Amino acid sequence: MLKLGSHVSMKGADMLAGSVEEALSYGANAFMVYTGAPQNTQRKPIDKLRIEEAHQRMRAAGIALEDVVIHAPYIINLANADEQKRSFAVEFLIEEVRRSAAIGAQDIVLHPGNHLDDSLDTAVERIARGLDEVLAATEGLTVRIALETMSGKGTEVGRRFEEIAAVIARTERKERLSVCFDTCHTHDAGYDVKDDFPGVMRAFDRVIGLERLAVFHINDSKNPRGANKDRHENLGLGHIGFSALSAIVHDEKYAHIPKILETPYVTADADAKKRIHPPYKEEIAMLKERRFDENFIARIRENPSPKKG
């Protein structure tokens with residue numbers, strides 16, 4: 001069965017129960033949430049997340065807990081040279097893992113980190129040590145930390161599969177590490193996702209191992225392959241293209257892996273340029289039907305969103 005969804009919000013009084021309803025409104029049977037704003041560490045207590053109501057609605061709708069993905073906030077940087085900031089990142093990630101476990105998710109996606117002015121090798125070592133601290137502090141939980149493939153923007157760790165493999169190799173608790181494969185990031189890092197996805201996945205298997213693949217982020221890219229830019233694009237409007245992304249989504253080898261859209265919000269028409277909204281209902285329908293919706297895409301082209309991808 002195709003496992004397909006998108007990033008959804010978790011906010012206000014409804015919290016996770018609202019996330020489920022949003023996902024269902026898009027025709028999704030999987031979804032990804034941040035436990036709070038991705039740019040900060042403000043979080044509600046676990047007992048305020050309305051988890052039980054969300055689980056009841058998921059059971060009724062047929063959404064499995066294994067298809068709920070959590071994303072850690074962007075501000076966590078386990079490679080930070082500042083010991084105090086790194087310690088804070090570790091402590092906050094520990095709490096995020098505990099929140100993920102309470103929600104019932106199997107994986108929390110994490111950007112590995114930025115090495116800034118230090119060497120890549122030093123950054124890999126710091127990330128590995130930070131992960132060990134987090135996993136030791138959450139021993140007994142089954143939540144895995146899914147290291148995301150990155151575009152190589154700035155000093156990101158994770159541009160090459162070998163960098164993610166190096167982090168995993170240096171950790172002591174490898175059984176609780178998985179990987180999130182982002183199509184835009186991997187394309188921007190230089191891998192030929194568009195024309196040789198099978199070859200890319202053979203390389204992934206050889207270097208990391210397919211058994212660690214936990215999540216796909218399905219995004220087109222605003223930039224040509226190897227640009228190291230990380231700017232997501234709506235499906236079919238970028239350099240990867242709808243046909244290639246649809247083939248990835250429907251590849252039977254990865255039918256058990258949830259596919260999550262993170263494409264840019266869009267405007268409805270020329271008179272609503274400030275009223276941006278998610279494109280996920282239309283894009284999920286396109287992927288399910290394996291059909292490129294020219295009318296929907298034409299509206300996006302005519303009325304580009306002011307929000308960057």
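How many salt bridges does a search of the whole structure find? In this predicted model, the search finds 20 salt bridges. Several of them join segments that lie well separated in the sequence, and they offer a convenient route into the fold.

The salt bridge between the side chains of K3 and E66 has an N to O distance of 2.7 Å. This pair links distant parts of the chain, for K3 belongs to the segment before β1 (4–7) and E66 to the loop between α2 (51–61) and β3 (68–71), 63 residues apart. The two partners differ in their surroundings: K3 is buried, with a relative accessible area of 9%, whereas E66 is partly exposed at 40% relative accessibility.

A further salt bridge brings together the side chains of R50 and D14, at 3.0 Å from N to O. Here too distant parts of the chain are linked, with R50 in the loop between β2 (30–33) and α2, and D14 in the loop between β1 and α1 (15–25), 36 residues apart. R50 is partly exposed, with a relative accessible area of 30%, and D14 likewise counts as partly exposed, at 43% relative accessibility.

The loops on either side of this pair lead to helices α1 and α2 themselves. These helices pack with their axes 7 Å apart and at an angle of about 25°. Because angles under 35 degrees count as roughly parallel, α1 and α2 are described as roughly parallel to each other. On the α1 side the contact is made by L16, A17, V20, E21 and L24, and on the α2 side by I51, E53, A54, R57, M58 and A61. Classified by residue type, this contact of α1 with α2 has eight nonpolar and three charged residues, and no polar ones. The spacing of contact residues along a helix can be read against a general property: an α-helix has 3.6 residues a turn, so residues three or four places apart point the same way.

Attention now passes to the loop between β4 (107–110) and α4 (120–137), where H115 is found. Is H115 buried or exposed? At 15% relative accessibility, H115 counts as buried, because the cut-off for burial is under 20%. Leaving aside neighbours within four places in sequence, H115 is in contact with A79, L120, A123, T155 and V157. The C-alpha atoms of H115 and I127, which are 12 residues apart along the chain, are separated by 9.5 Å. L116 is also found in the loop between β4 and α4. L116 has a positive phi of about 55° although it is not a glycine, and with a relative accessible area of 44% it is partly exposed.

A network of salt bridges links D121, E125, R129, D132 and R170. R170 falls within helix α5, which spans residues 161–170 and has F161, E163, I164, A165, V167 and I168 buried. What covers these buried residues of α5 includes α4, β5 (144–148), β6 (177–182), α6 and α7. One of the buried residues of α5, F161, also takes part in an aromatic cluster together with F181, Y191, F197, F204, F216 and Y254.

The loop between α6 (183–188) and α7 (197–207) holds D192, which is paired across a distance of 33 residues in sequence with R225, located in the loop between β8 (220–221) and β9 (232–233). The side chains of R225 and D192 meet in a salt bridge of 4.0 Å, N to O. R225 counts as partly exposed at 48% relative accessibility, as does D192 at 21%. The loop between β8 and β9 is also the place of N228. N228 has a positive phi of about 55° although it is not a glycine, and at 27% relative accessibility N228 counts as partly exposed.

Finally, a search of the whole structure finds 14 aromatic pairs. Among them, Y265 and Y280 form an edge-to-face pair, 6.3 Å centre to centre and with 85° between the planes. Y265 lies in the loop between β10 (259–261) and β11 (266–267), while Y280 lies in helix α9 (residues 280–289), so the pair ties together parts that are 15 residues apart in sequence. Y280 counts as buried, at 2% relative accessibility.

Key:
Residues are numbered from 1 along each chain as its sequence is written. This is a predicted model: local features need pLDDT of at least 70, side-chain atom pairs count only at pLDDT 80 or more; totals for chains, interfaces and linings use all residues. Side-chain values use heavy atoms; hydrogens and water are left out. Helices (H or I, at least four residues) and strands (E, at least two) are DSSP runs, numbered from the N terminus. Buried means under 20% relative accessible area, exposed over 50%, partly exposed in between (1.4 Å probe, protein chains only). Contact means heavy atoms within 4.5 Å. Axes are lines fitted to C-alpha atoms, for helices over the stretch in contact, and angles run from 0 to 180 degrees between N-to-C directions. Angles under 35 degrees count as roughly parallel, over 145 as roughly antiparallel, 65 to 115 as roughly perpendicular and the rest as oblique. Ala, Val, Leu, Ile, Met, Phe, Trp, Tyr, Cys and Pro count as nonpolar, Asp, Glu, Lys and Arg as charged, and the others, Gly among them, as polar. Rings of Phe, Tyr and Trp (its six-membered ring) pair if their centres lie within 6.5 Å; planes under 30 degrees apart count as stacked, over 60 as edge-to-face and the rest as tilted.
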